[in-house]
Amino acid sequence: MTCDKHTARTIGKGDLVVVVGAGRSGMAAARLLHRMGARVRLLERNADGVPADFLRWAAEAGVEIATGDHSPAQFAGARAVVPSPGMAVAKLRPLLPQGPGAPEVLAEMELAWRQLDGEPVLAVTGTSGKTTTVSLCAAMLRAQGLAVFLGGNIGTPLSEYVLSVAHGGAEGQGRADALVIEISSFQLQACTTFRPRVAMLLNISENHLDYHADMAEYIAAKFRLFRCMEEGDLAIFGEGLRDLVAAREPRARTLFFNAASRRFPHTRLLGGHNQANIEAAWQACREFGVTPEAAEKAVADFAPLEHRLEAVAERNGVLWVNDSKCTTVEALRVALLAFDRPVVLMVGGKFKGGDLASLLPLMLGRVRAVVGFGASREYFKGAWMGQGEFSMSWHPALEPAVAEAAEVARPGDAVVMAPATSSFDLFANYKERGHAFRRAVEALP
């Protein structure tokens with residue numbers, strides 16, 4: 001793996017930088033670029049997609065906003081382009097000028113990273129478990145008394161941290177002792193010089209193949225996290241990634257983790273995968289001086305995150321669990337392994353790929369019923385119908401599925417909504433799906 005620092009271009013005062021997308025990271029990037037003295041053009045396909053307060057700021061700051069379809073003319077003369085995390089770089093490049101004067105394509109994360117003043121970064125990627133692990137890391141570091149910024153793909157763009165520090169912490173964020181960053185494969189594809197002090201890759205399984213060309217591209221994007229790390233840095237990997245790591249020979253010190261040690265048994269987090277997440281967080285935070293005592297307190301106090309194997313109710317002896325963040329087949333495997341009681345499983349949504357049939361050995365003797373909702377009925381029934389002792393049914397919406405799950409469940413069961421899909425058939429995002437599940441459970445007679 002090689003670091004392509006030679007492709008990085010300095011952004012000077014008056015240089016044109018095009019930001020694609022008016023999401024939170026795009027708006028943060030535009031504000032940061034304006035503070036750097038760049039000339040900013042923000043593109044947003046949806047004319048109603050730019051918040052009114054940002055429009056007012058842009059008008060005062062002289063930031064250009066263009067809505068509608070993107071065109072090559074909008075990128076002419078640009079020094080750099082900062083794409084939305086959801087926009088595939090491969091789809092963007094045909095619109096850009098080519099040749100020696102071509103603009104650099106860089107993620108908002110990369111842009112903000114270049115403006116840091118030496119703050120150490122702990123970065124986490126992986127197919128699943130990222131948000132829980134970065135949250136555990138932040139909790140351990142804070143238990144040690146360190147000032148922590150937690151952001152990236154988890155919600156707060158790194159650019160917002162840079163802006164806050166530049167304004168003397170006006171928004172409550174002074175300079176941090178450590179920056180804990182969740183980073184996705186989308187963001188990593190446009191990172192060129194990003195170098196964390198500690199970085200971890202938790203796991204890799206089939207995911208986002210509606211965005212990446214194939215698994216090879218997805219894996220390559222994940223490993224970009226380690227390309228610029230040096231011997232003094234620490235790279236942490238899940239045990240199952242040894243072969244992939246050996247083929248790439250990272251320069252950083254390497255460490256592999258698993259759930260076997262159960263070093264911190266006092267936790268409210270369910271499942272062996274969360275024991276692995278705890279171990280990964282501990283190995284990372286040791287590099288920042290966190291003691292076992294501080295880590296143990298942080299783990300014991302740590303509450304399960306919303307929509308991630310979150311117990312939302314116990315009614316008539318039945319545990320209701322919201323795992324709406326379960327958007328892949330591998331995440332469903334992890335969810336099933338978390339329970340030692342019979343499961344009524346709720347699935348359905350926009351299927352992203354994966355081998356559903358491979359779950360059958362795990363489901364037999366563990367799943368009593370499958371209650372589906374929304375899209376992808378053909379995938380689930382095609383893989384599971386008639387293949388086990390569990391029943392299967394399907395509903396067009398979530399609420400009637402919850403009602404049937406309540407009828408099927410017996411005392412001692414867990415009704416687990418672990419959809420193994422994205423939410424975009426019925427909901428705007430997995431959070432909306434999780435909240436709808438909670439409301440439906442609360443409305444049960």
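**Overall fold and aromatic contacts of the chain**

In this predicted model, buried residues account for 54% of the 445 residues in the chain. The secondary structure of the chain consists of 16 helices and 17 strands, and its C-alpha trace extends over about 65 × 50 × 45 Å along the principal axes. For a chain of 445 residues, a compact globule would be expected to have a radius of gyration near 22 Å, and the value of 23 Å found for this chain agrees with that expectation. Among the contacts in the chain with a separation of 6 or more, 69% are between residues that lie 24 or more positions apart.

One part of the structure that can be followed element by element is the pairing of strands β15 and β16. Strand β15, which covers residues 367-373, runs parallel to β16 and is joined to it by five bridges, and within this pairing Val-370 of β15 stands opposite Met-392 of β16. Between the two strands the chain passes through helix α14, formed by residues 377-384, and the resulting β-α-β crossover is right-handed. Strand β16 spans residues 391-395, and because four of its five residues are buried, the strand is largely enclosed by the rest of the structure.

Aromatic side chains provide a further set of contacts, with 13 aromatic pairs in the structure. In one of these pairs, the ring centres of Phe-54 and Trp-57 are 5.3 Å apart and the ring planes meet at 40 degrees, so the arrangement is tilted. Phe-54 and Trp-57 both belong to helix α2 (residues 52-61), and because they are three residues apart there, about one helical turn separates them; both residues are also buried. A tilted arrangement is likewise found for Phe-380 and Trp-394, with 5.8 Å from centre to centre and 35 degrees between the planes. This pair links distant parts of the chain, since Phe-380 lies in helix α14 and Trp-394 in strand β16, 14 residues apart, and both Phe-380 and Trp-394 are buried. Phe-380 and Trp-394 are also members of one aromatic cluster, which is formed together with Phe-351, Tyr-379 and Trp-384.

Aromatic rings are also approached by charged side chains. Arg-242 lies over the face of Phe-256, at a distance of 4.1 Å from the ring centre, while the charged end of Arg-248 is placed over the ring of Phe-223, 4.5 Å from the centre of that ring.

Note on methods. Residues are numbered from 1 along each chain as its sequence is written. This is a predicted model: local features need pLDDT of at least 70, side-chain atom pairs count only at pLDDT 80 or more; totals for chains, interfaces and linings use all residues. Side-chain values use heavy atoms; hydrogens and water are left out. Buried means under 20% relative accessible area, exposed over 50%, partly exposed in between (1.4 Å probe, protein chains only). Two strands pair if DSSP finds at least two bridges between them. A crossover is right-handed if, with the strands pointing away from the viewer, the path from the first strand over the helix to the second runs clockwise. Rings of Phe, Tyr and Trp (its six-membered ring) pair if their centres lie within 6.5 Å; planes under 30 degrees apart count as stacked, over 60 as edge-to-face and the rest as tilted. A charge sits over a ring if NZ of Lys or CZ of Arg is within 6 Å of the ring centre and within 35 degrees of the ring normal. The radius of gyration is taken over C-alpha atoms; the globule rule is 2.2 Å times the number of residues to the power 0.38. Contact means heavy atoms within 4.5 Å.
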